Amino acid sequence: MDNIYLYMIIALAILAIADLVVGVSNDAVNFLNSAIGSKAISFKTIMIVASVGVAVGAVFSSGMMEVARKGIFNPSEFMFNEIMIIFMAVMITDILLLDFFNSVGMPTSTTVSIVFELLGAAVAIALIKIGHDGGDFGDVINYINTSKASQIIFGILLSVVVAFSVGAFVQWVSRLLLSYNFENKAPWVGALFGGFALTSITYFIFMKGLKGTSYAKESFDILGGGTMSHFLETKVFAIVVVSSIIWSLLSLALIVFAKTNIYKLIILVGTFALALAFAGNDLVNFIGVPVAAYNAFLAWSASGVPAYEFPMTVLAEKVPTNNWLLFGAGMIMVLTLWFSSKAKGVVKTSLDLASQSETKERFQPNFLSRGFVRSAVLISQFTAYILPNSWQAKIDKQFEVPVIAISKNKSLELPAFDLVRAAVNLMIAAVLISIATSYKLPLSTTYVTFMVAMGSSLADRAWGAESAVYRVAGVINVIGGWFFTAFSAFTAAALVAYLLNLNITVMFPILLVTAFALLIRSSIVHSKKSKEVKAEDSLIKAESSSVQGVIHESANNIANVVKRGNKIYTNAINGLAKQDLVSLKKNQKQVNKLSIELEDLRNNIFYFIKNLDESSVGASNFYINILGYLQDMAQSLEYISKVSYKHINNNHKKLKFNQIKELKEVDASVEALFHDMKLAFDSRSFEEIGKILRRKEEVFNILSEKIQKQVERTRTEESSPKNTTLYFGVLLETKDLLKATMSLLEEYHNAHDASVKPATISNNDEEE
């Protein structure tokens with residue numbers, strides 16, 4: 001039985017490595033967001049600076065490890081076997097929970113995760129002990145550090161509101177003073193801003209990154225003044241004053257003499273500072289529990305006392321963590337930072353919500369986001385009514401975004417926001433986290449950095465009428481996810497602890513294998529999704545500025561829709577014939593994906609028209625019509641897929657043999673038509689379109705014939721109203737599908753002829 005604890009220590013070590021990977025994937029958004037979003041410096045430079053910050057922060061990792069040992073529960077109340085159950089439950093729950101959030105690309109707090117997992121597992125074991133001893137439910141307070149737990153909950157609520165409000169206010173003031181023309185302001189303006197921002201970040205490094213570490217407690221010999229102990233912890237005000245003067249003067253010198261962009265320097269230093277603080281303070285979230293378990297195991301092994309009789313008073317003592325262990329953890333974090341695709345997904349969510357430009361909105365509006373936006377509009381109107389028109393005009397001028405010409409370079413991606421907003425995000429996050437640390441208030445770096453970014457986005461008018469309702473919905477979803485983190489972490493850890501307590505020898509390997517199986521499955525699913533995003537059959541936005549270019553670009557999309565539409569139609573007919581509910585459900589997902597892609601193309605029409613040459617404005621008419629016909633085709637396929645799935649899902653009567661046979665004949669006719677269309681558009685053999693159009697009557701005659709046969713069957717032998725409704729529905733919608741297809745072909749045929757004929761006439765004139 002005693003060997004089980006050695007196996008648990010080995011398992012915890014493996015889980016710690018896995019937790020480091022999933023944890024960094026989630027928290028990378030905290031320090032990469034501003035630098036990547038502003039494109040102030042190259043991605044490679046950002047990653048190098050962040051990596052150095054993470055590595056240094058890991059080595060400087062402070063006494064925060066104590067949180068896992070005694071911050072949430074009272075260790076003296078538990079025996080060794082109970083502590084091991086608590087720690088194992090926490091680690092299994094933590095990697096699964098964080099991996100789930102990473103997979104959906106949502107930032108959450110590793111601090112809140114670990115705290116509520118410790119709380120949930122400890123409460124579960126405490127209640128089991130109380131029940132076994134016949135105690136009272138109220139006795140649970142003796143086992144749990146309730147004051148710390150309530151502090152953390154209060155810190156969550158407060159940080160969300162304060163970070164958003166302060167971020168919005170400072171960004172509004174900064175933009176009002178600097179405008180978007182900040183790079184042309186007088187050197188002293190940039191120097192003052194740089195001095196203030198860099199001082200904030202320096203203060204942050206000392207207060208959040210190094211406070212509590214052995215380095216902060218170092219003593220210094222002062223010339224003629226004896227020894228000054230705890231210099232970094234006791235002389236904070238002096239450090240702030242001196243560094244503000246030094247940074248301001250240095251900023252001025254760099255701007256005037258070295259022609260340095262001070263805003264880029266702020267972003268560089270800020271990225272390093274946040275990475276340093278993240279590793280220094282959040283490392284406990286990933287390895288704190290396994291380290292505490294290892295310390296407990298060593299103490300128990302040396303005691304010779306049975307596991308169920310050895311109290312965990314040793315965890316209440318301060319035990320330094322091995323520096324080589326911290327260094328190794330730091331290296332794992334750095335490697336994860338470079339290679340994790342999930343980290344990039346979490347960063348993208350934050351950037352999309354903060355972007356100054358239009359992005360593909362990931363979140364759907366809800367009643368809360370609509371209510372918030374309406375309230376904001378009313379407040380804005382009220383403010384405009386109160387302020388004099390001249391003031392309002394001056395304010396609007398400062399917030400006027402410079403017009404950036406849409407690039408014809410497809411690979412060029414514009415920054416999500418400018419250097420001022422990136423600098424404000426880093427500066428305010430640094431100040432708020434520093435203040436909370438100085439008052440010993442528990443705070444999540446994820447919550448603060450995310451909400452500051454959202455507040456500055458609002459103040460910077462990034463959430464315009466076109467995007468506000470989607471962005472606010474996204475923020476609400478992320479905040480809701482944070483509270484879900486706390487609840488699910490508590491519940492899941494409590495459940496796992498209960499299961500381990502039932503029979504640790506049996507449940508430990510089962511739960512461990514289950515956890516790793518779920519991790520592997522999540523990784524495979526994420527990999528498949530990534531491949532789907534990069535799939536070649538995704539529709540592409542038209543970027544050509546001439547009629548001829550649009551004709552050729554649209555040919556790709558038409559061939560794509562025809563190929564996928566052919567497959568969707570055939571799958572629907574086969575699903576009906578075989579009564580295959582699973583394939584019909586998959587078919588619905590495919591047609592929904594196609595509809596979403598077509599909707600994205602329609603949303604891009606504004607930018608497409610803006611990009612057209614003056615001589616080619618006629619291309620817009622053609623492009624809009626083509627998209628309309630493609631969408632009509634998708635709607636018909638969506639209807640056929642939906643009614644087919646609904647019929648089988650409701651267990652209605654199977655279609656008769658003759659009906660299935662006739663539908664198969666229709667499918668063969670549609671398949672032949674779509675196959676020829678795909679070949680014509682793939683090979684750009686546009687003269688073939690005329691041949692396909694000549695088969696129009698033949699295809700419609702087949703459909704009319706099938707409809708007539710069903711009418712006769714209904715009058716004589718048909719006994720199922722549902723079958724009749726389904727059959728007519730599929731045939732009539734197929735007719736609409738073919739009408740849209742033929743209209744598309746006619747549009748294309750006419751446009752191609754019109755674009756080729758002028759060129760031919762021109763060539764003939766030259767020959768004459």
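## Two loop residues with positive phi

In this predicted model, Asn651 is exposed, since its relative accessible area is 68%, a value over the 50% above which a residue is called exposed. Asn651 sits in the loop that lies between α23 (618–649) and α24 (657–682), and its phi is near 60 degrees, which is a positive value in a residue other than glycine.

Lys259 can be described in a similar way, for its phi is near 50 degrees, again positive although the residue is not glycine. Lys259 is placed in the loop between α9 (236–256) and α10 (262–282), and with a relative accessible area of 67% Lys259 is exposed. As background for reading these two angles, most residues other than glycine have a negative phi.

## The protein as a whole

The secondary structure comes to 27 helices and 2 strands, and 51% of the 768 residues of the protein count as buried. The protein exposes about 36000 Å², and carbon and sulfur atoms supply 63% of that area.

Contacts may also be sorted by how far apart the partners stand in the sequence. If one takes the contacts between residues at least 6 apart in sequence, 84% of them join residues that are at least 24 apart.

## Helices α4 and α18

Helix α4 (residues 80–103) packs with helix α18 (residues 468–502) at an angle of about 140 degrees, and the axes of the two helices are 8 Å apart. Angles over 145 degrees would count as roughly antiparallel, and α4 and α18 are therefore oblique to each other. The crossing in which α4 passes α18 is right-handed.

On the α4 side, the residues that meet α18 are Ile85, Met88, Ala89, Thr93, Leu97, Phe100 and Phe101. Their counterparts in α18 are Gly481, Phe484, Thr485, Ser488, Ala489, Ala492, Ala493, Val496, Ala497, Leu500 and Asn501. Sorted by class, this contact of α4 with α18 has 13 nonpolar residues, 5 polar residues and no charged ones.

## Helices α14 and α18

Helix α18 also packs with helix α14 (residues 367–386), and here the axes come within 8 Å and cross at roughly 125 degrees. Angles from 65 to 115 degrees count as roughly perpendicular and those over 145 as roughly antiparallel, and α14 and α18 are therefore oblique to each other. The crossing of α14 and α18 is right-handed.

From α14, the contact is made by Leu368, Ser369, Arg370, Phe372 and Val373, while α18 provides Ala468, Val469, Val472, Ala473 and Ile476. The residues in the contact of α14 with α18 divide into 8 nonpolar, 1 polar and 1 charged.

## Neighbouring residues in helix α21

Asn587 lies in helix α21, and Gln588 lies in that helix too, which covers residues 581–603. Asn587 is buried, because its relative accessible area is 1%, and a residue counts as buried under 20%. When residues up to four places away in sequence are not counted, Asn587 touches Lys567, Ile568, Asn571, Ala572 and Ser641.

Gln588, with its neighbours within four places in sequence left aside, is in contact with Ser641, Lys642 and Tyr645. Ser641 is thus listed among the contacts of both Asn587 and Gln588. The C-alpha atoms of Gln588 and Tyr645 are separated by 8.0 Å, although the two residues are 57 residues apart along the chain.

## Ser34 and Glu746

Ser34 is found in helix α1 (residues 3–38). Ser34 is buried, because a relative accessible area of 5% falls under the 20% limit for buried residues. Not counting residues up to four places away in sequence, Ser34 touches Phe417, Ala422, Asn425 and Leu426.

Glu746 has its place in helix α27 (residues 721–767), and at 31% relative accessibility Glu746 counts as partly exposed, because this value lies between the limits of 20% and 50%. Leaving aside neighbours within four places in sequence, Glu746 is in contact with Leu693 and Lys696. From C-alpha to C-alpha, Glu746 and Gly690 are 8.3 Å apart in space, while in sequence they are 56 residues apart.

Note on methods:
Residues numbered from 1 in each chain as written. Predicted model: local features only at pLDDT ≥ 70, side-chain atom pairs only at ≥ 80, totals over all residues. Heavy atoms only, no water. Axes fitted to C-alpha atoms, helices over the stretch in contact; angles between N-to-C directions. Helix = DSSP H or I, 4+ residues; strand = E, 2+ residues; numbered from the N terminus. Parallel < 35°, antiparallel > 145°, perpendicular 65-115°, else oblique. Left-handed = near helix turned anticlockwise from the far one by under 90°. Contact = heavy atoms within 4.5 Å. Nonpolar A, V, L, I, M, F, W, Y, C, P; charged D, E, K, R; others polar. Buried < 20%, exposed > 50% of the residue type's maximum accessible area, 1.4 Å probe, protein only. Areas by Shrake-Rupley, 256 points an atom, 1.4 Å probe, with all protein chains shown as cover.
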